[in-house]
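Thanks, everyone. Let's go straight to the structure and then walk through it.

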Amino acid sequence: MGKTALITGITGQDGAYLAEYLIKKGYTVHGIKRRASLFNTDRIDHLYQDPQLDNRNLILHYGDMTDSLNITNIIGDVKPDEIYNLAAQSHVKVSFDTPEYTANVDGLGTLRILEAVRLLGLTEKSRIYQASTSELYGLVQEIPQKETTPFYPRSPYAVAKMYAYWITVNYREAYNMFACNGILFNHESPLRGETFVTRKVTRALSRIALGIQNDIYMGNLSSKRDWGHAKDYIKAMYLILQQDAPDDYVIATGVTTTIRDFITMAFKEIGVTVAFKGDGANETGEIVSIDEAVFGTKIGETYLAPLKKRLGEKIIKVDPKYFRPTEVELLIGDATKARTKLSWEPQYTLETLIKDMMQSDVKEMKKEAYLKEGGYRILNYFE
Ligand code: NAP
Ligand code: GDD
């Protein structure tokens, strides 16, 4: 008999990769999905199985992290061997607009999972993974950050996640539960939500290259992040729950990069060189040269001439509306403990992550460019 896992946040970036990974390992995966006016299952559609089929290995349940009865009922029905609590209002900037909701989902939501397991008498059976975050380090007290580095959260999101971190530790110590925190640094992929900085950039640069977007407005270009690939990071989540004893682990690459350099690298991937001028809200970026052979291969010859006309134009601009009331300026993790104890080793570098994201977004945006061109031709025809 394979194991049973329950994933909250299964429709998100990490939930989708983790579900696929666990199914390949022979798990039956249950996922909690919010009711929405659209399906919102794009990331897991390839795993979906008709509810009428016998022996399904992916089963979805309607639910919400704010509903204790719902969470308790699902855990009571599924009796999972492993629970991966990935559900969260995960956008740091949005947490300043919705602080109470963020606290409810990201903080109390974790308590609801832990309490359900305890009340249902599943403490011996169900192991729990809590999606903790490098945002806990906020105004960093040590460089690089590791498991023993003190926390200094800088957003309602991080403060809510701080409660979740400590309630997980507390239930482990108070009730002897197998409950663990993965303190994951930023991880990205082609499935990353479109409003996180890396995906916003890879989508926009693809669209600019294809001539369907003029420019991109950014927030703080100088903050630094330690970016890995989500495919590597979900493997760490799994490993954390396979150990003999529960513990907390930092998962990171140990390389940190500014947002500005991420943009430069993403443009470089398609043969475009950019230069930045000015600072703060007045900083701008412009295209200074194009490697025609690379651009031709990766984007297409037909898009070269229109982009060449834009050399020297300010295509990257700053809009202070994207600044955060309190910013996390620098994150860089030390994952020695995970590398040693879990034998966790990331396969992707920042370069291969960017390549993966740019390839995927260029492919995606080409469909849009094609439709736009087609639409234009049809319009001409009727004129
Ligand atoms: P994500 O793409 O934003 O996915 C979040 C998931 O949570 C989605 O499935 C979302 O459902 C679900 N969710 C949100 N509010 C919910 C609610 N009230 N009830 C039930 N489900 C709800 O996030 P991610 O990047 O995969 O991250 C997964 C987890 O790791 C999150 O807890 C995040 O805070 C944490 N984390 C992420 C990173 C990172 O760099 N990606 C780093 C450290 C920690 P919808 O699809 O319906 O919105
Ligand atoms: N989103 C966004 N949009 N961020 C921008 C922009 C922009 O236009 N311009 C600059 N930034 C900066 C932000 O100010 C921040 O310093 C950095 O880019 C990264 O922002 P996000 O990609 O939104 O991620 P995050 O680091 O705030 O949070 C992500 O990583 C955390 C782990 O450290 C999220 O996935 C969190 O859920 C996760 O816990």
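I'll take the sheet, then the two ligands. Keep in mind that this is a predicted model.

Start with the sheet. Seven strands form an open sheet. The order runs β3-β2-β1-β4-β5-β6-β11, and the pairing is parallel. Why do β3 and β11 each have one side without a neighbour in the sheet? They stand at the edges, and each has a single partner strand, so one side stays free of a neighbour. In residue numbers, β3 is 58-62 and β11 is 249-251. From one strand to the next, the twist averages 20°.

Now zoom in on one pair. β5 covers residues 127-133 and β6 covers residues 179-184. They pair in the parallel sense, over six bridges. Take Tyr129 as an example: its bridge partner in β6 is Cys180.

One helix on the sheet deserves a look. α1, residues 13-24, lies across β1, β2, β3 and β4. Relative to β1, the helix runs at about 175°.

On to ligand 1. How many residues surround ligand 1? The count is 25, and the closest are Thr11, Arg34, Ser90, Tyr157 and Lys161. Here are some polar contacts. A backbone N or O atom of Met65 sits 2.9 Å from a nitrogen atom of the ligand. Tyr157 places a polar side-chain atom 2.6 Å from an oxygen atom of ligand 1. Lys161 does so at 2.8 Å, again with a polar side-chain atom and a ligand oxygen. Of the 900 Å² of accessible area that ligand 1 has on its own, the protein covers 90%. Which elements give two or more residues to this shell? They are α1, α4, β5 and α5. The largest share, three residues, comes from β5. By class, the shell holds 10 nonpolar, 10 polar and five charged residues.

Next, ligand 2. There are 24 residues around it, and Thr133, Ser134, Tyr157, Arg324 and Glu327 come nearest. Tyr157 is back: an N or O atom in its side chain is 2.5 Å from an oxygen atom of ligand 2. Val197 uses its backbone, with a polar atom 2.8 Å from a ligand 2 oxygen. Ser223 has a polar side-chain atom 2.7 Å from an oxygen atom of ligand 2. Taken alone, ligand 2 exposes 710 Å², and the protein buries 95% of that. Its shell has nine nonpolar, nine polar and six charged residues.

One residue to take away: Tyr157. Its side chain makes a polar approach to an oxygen atom of ligand 1 at 2.6 Å, and to one of ligand 2 at 2.5 Å.

Note on methods. Residues numbered from 1 in each chain as written. Chains lettered and ligands numbered in written order. Predicted model: local features only at pLDDT ≥ 70, side-chain atom pairs only at ≥ 80, totals over all residues. Heavy atoms only, no water. Near = heavy atom within 4 Å. Polar contact = N/O pair within 3.5 Å; in protein donor to acceptor, adjacent residues only side chain to side chain. Areas by Shrake-Rupley, 256 points an atom, 1.4 Å probe, with all protein chains shown as cover. Nonpolar A, V, L, I, M, F, W, Y, C, P; charged D, E, K, R; others polar. Pairing = 2+ DSSP bridges. Helix = DSSP H or I, 4+ residues; strand = E, 2+ residues; numbered from the N terminus. Axes fitted to C-alpha atoms, helices over the stretch in contact; angles between N-to-C directions. Contact = heavy atoms within 4.5 Å.
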